[in-house]
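User: I should be grateful for a close look at one part of this model, explained for a beginner.
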Amino acid sequence: MDAKQSKKLDFSPILVPLLSIVVALAFGGILIFIQGINPLLAYRVLFTTAFGSFDGIAITLAKATPLILSGLAVAICLRAGLFNIGAQGQLISGALASAWAGYTFVGLPALVHIPLALIFGAFFGALVALVAAVLKAYRGVHEVITTIMLNSIVIALSDYLTSNPFKEPDQPLTRTPKIQDSAQMPDLLGLPLGFFLAIGLSITLWWIMRNTTTGFSIETIGRNKNAGWYAGISVKKTIMLSMLIGGAVAGVAGAVETLSIIGRFEPAFNAGLGFDGITVALLGRANPLGVIPAAILIGGMRASGSTVQFEAGVAPELVDLLLAMILFFVTAPLLARFFKNRKENVAMTSGWSN
Amino acid sequence: MKTLLEIEGVSKSFGSVIANEDISLTVREGEILALLGENGAGKSTLVKAVFGLVKPDSGTIKINGTVMESGDTAAAIASGVGMVHQHFQLVPVMSVTENLILGDEPKRFGVVNITQARKEALALSEKYGLEVDADAIIEDLPVGMAQRVEILKALRRDVKLLILDEPTAVLTPQETDELLEVLRNLAKRGVGILFITHKLREVMAVADRIAVLRGGKLMGTTTPKESSESKLAQMMVGREVVLRVEKSQAKPKEVLLSIKNLRVSDDRKLESVKDLSLEVHAGEILGIAGVEGNGQRELVEAICSMRSRLSGEVIVKGQGIPNLNPRAAHLAGVSHIPEDREKHGLVTSYSIADNLVLNRFDQAPFARGWIRNLEEVASNGESLVEKFDIRAPDAYLSAGSLSGGNKQKVVVARELSQQLDVVVAAQPTRGVDVGSIEFIHNQLIAARDAGAAVLLVSAELDEILSLADRIAVISNGKIVAIFNSKEADRNTIGRLMAGLAS
């Protein structure tokens, strides 16, 4: 982060995402209208379901929890100039590892078991990222390629493990046994504990990026790798570190899902959380705090998709469509350039060229 | 023979910098005209004007007797002008054939007819005697071959006037010889060639006529027969000293920087610093004079530990600097004003204040352990903006929004505001306005007087002559001579720079 932001207020980090959402909703509205449905009704149902009641908000925040974390995993790498497409694989690895720790260890108090299972998740998430990090730092292999490949590897591997050594015995489903009660993450104030963990991690990472030498190193490498090298920052170390942080956070995302929502590992249950993280990170401008509102918005849309179908008759794919359009507009450089009067070299634009 | 190109009274200035002043030149059919001059003499601007990339302020350019609309590249191409840029305009993953036909593909039923294209490529290569492998992929080819493809690409469009912008800058000596042979053959076929270079040997070897530019003005036109390399060198660098710097007598003391038998390779893995040894004393400025591309960049980067050394040592205050560790070089007392401030010297999206601590953000007082001390960063920024006359409303403005001169002042402020042992300044005033040049020069002299060993690398001979206490001439990766600046003679240095024995 800059030592101090220039005193002139710059609204573009908020304006561009907001505008993307508005434009996406407008286009979505046209499509809903073509189906002969009143788009305002559909959007009202979408909004009231997600944010209209305490229960709705609780569900929205529960849905947002893994998205905050997976968004954070992508965002922190973007700050270092790395495009981590592999949050999905890291998340699955973390989900499976925490499930294993959750059902294998018996007789631990919850105060030990839950952190232990979370650490398992973080460690195995980071382990997947480590492969991509080493290849990038020491061999120059582009992280987009390796993380995509690793997604497939992890998904196949987790399928194998869940249907063989880690399979719940004596029943037909491909899934692990249920975690012990001592590993079950409780709710706090009617909200999943994981939500507070995600908020805490966001604030911590935001603070690290802004106030520590590590944060400055990551930011510098992301903005100008050559200047970082000139300034004596180890490019390799920084790439490794930011990828490992990203992997660990994605692993925690998977662990939180396992320990508070699903209660075991089932291959299809985490589908898409890591990929939604990319949308969250971009919508949140790769800012560790920005991912929170972005994740809540997307979590809300995910939470209310089926209600919209039920009450307004709109196909549930509407949510995917809206998300895709938001992602499209938020990354559309035209829109961004329009609102940026100064050339702001945000880390996320350098991911492809190096 | 018919006149192909007539440049009449062309002038062009960029702001207060005059790039071309009332230049008139002609190129005839089958003639090789070499455009010779130092960096910044206005060669590139002139040929860009011919190609329509730059719009002259006044004067006319005629091709084949037709006055060209200025700034119209398409018209220039249509009337038979081809340009081979220094940076190749080729698609690296495509084959030679595909690159040659790109933009004007032979088609059959709306689909590219690759068999026909290959035939055309082979015919073209045969016609001009430029051998290339039509099926090779560009990125697999050596630079000289890729350049050949670039030339063929121009020739395919029936070029009458071929412009080459420093074509030999990227070539090995062998590849250069081959290129010169190619140019001679093209000239025999009636192609007019405008060839930019600052290498005297090439000019003498290949040119029919030579036009020398200096400071944007045409100094004269001559031929290899009427001239000699030393006469050309004199024409090229013989200008009066423009910048006079007030400085006292140097009081050199102990050796602070010592380079022993250094060997370094460039980006193409060719050895560009060859067994070089050099010593710089406390309290002196040692200037490295040389034509660009003779190993200066690699020398500087190796001293600052940014580029791997093949062998040899860099010793600062008696302490060896480890290989490839810029941080260690910095901590040992090496300040580095890098040649490319946008690439290495600054993070343009960071504030001035952050840039002013770029290489010591994690040291006291700018950090306490792991935590950055943002107040210190801010107050350091404010005081350096003031002290180094950086023209900005405050220290929180992004560095990228500053002018070239002020950007450079940010780099200079950072590098010269710390403990001063060894200062390596590479092209410290390139692209910087006159006022900032003077300021930066005075800062370098102040660093010298404060007891630093200053190594100044500059492509501007004037800068070296006015600042340096001793002058080392570099040519082809070796120090060929060292003078005390009082004994230094511009013409002798010019000849040595050009690779001639004195």
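How many salt bridges does the count come to over all chains? Please then concentrate on helix α11 of chain A and its packing against helix α13 of chain A.

Analyst: This is a predicted model, in which local features need pLDDT of at least 70 and side-chain atom pairs pLDDT 80 or more, while totals for chains, interfaces and linings use all residues. Residues are numbered from 1 along each chain as its sequence is written, chains are lettered from A and ligands numbered from 1 in the order written, and side-chain values use heavy atoms, without hydrogens and water.

Over all chains, the count comes to 32 salt bridges, each being a side-chain nitrogen of Lys or Arg within 4 Å of a carboxyl oxygen of Asp or Glu. One of them involves α11(A): the side chains of Asp276(A) and Arg302(A) meet at 2.8 Å, N to O. Because Asp276(A) belongs to helix α11 and Arg302(A) to helix α12 (residues 291-312), this pair ties together parts of chain A that are 26 residues apart in sequence. Helices here are DSSP runs of H or I with at least four residues, numbered from the N terminus.

Helix α11 covers residues 273-283 of chain A, and its partner α13 covers residues 317-331. The two pack at an angle of about 40 degrees, with their axes 10 Å apart; the axes are lines fitted to C-alpha atoms over the stretch in contact, and angles between N-to-C directions run from 0 to 180 degrees. That angle makes α11(A) oblique to α13(A), since under 35 degrees would be roughly parallel, 65 to 115 roughly perpendicular and over 145 roughly antiparallel, with the rest oblique. The crossing of α11(A) past α13(A) is left-handed, meaning that the near helix is turned anticlockwise from the far one by less than a right angle.

Which residues form this contact (heavy atoms within 4.5 Å)? From α11(A) come Asp276(A), Thr279(A), Leu282(A) and Leu283(A), and they meet Leu323(A), Ile326(A), Leu327(A), Val330(A) and Thr331(A) of α13(A). By class, the contact of α11(A) with α13(A) has 6 nonpolar, 2 polar and 1 charged residues; Ala, Val, Leu, Ile, Met, Phe, Trp, Tyr, Cys and Pro count as nonpolar, Asp, Glu, Lys and Arg as charged, and the others as polar. Asp276(A) thus appears both in the contact with α13(A) and in the salt bridge with Arg302(A).

For comparison, the interface of chain B and chain A has 0 salt bridges by the rule, with 32 residues of chain B in contact with 28 residues of chain A.

Definitions and conventions:
Contact means heavy atoms within 4.5 Å.
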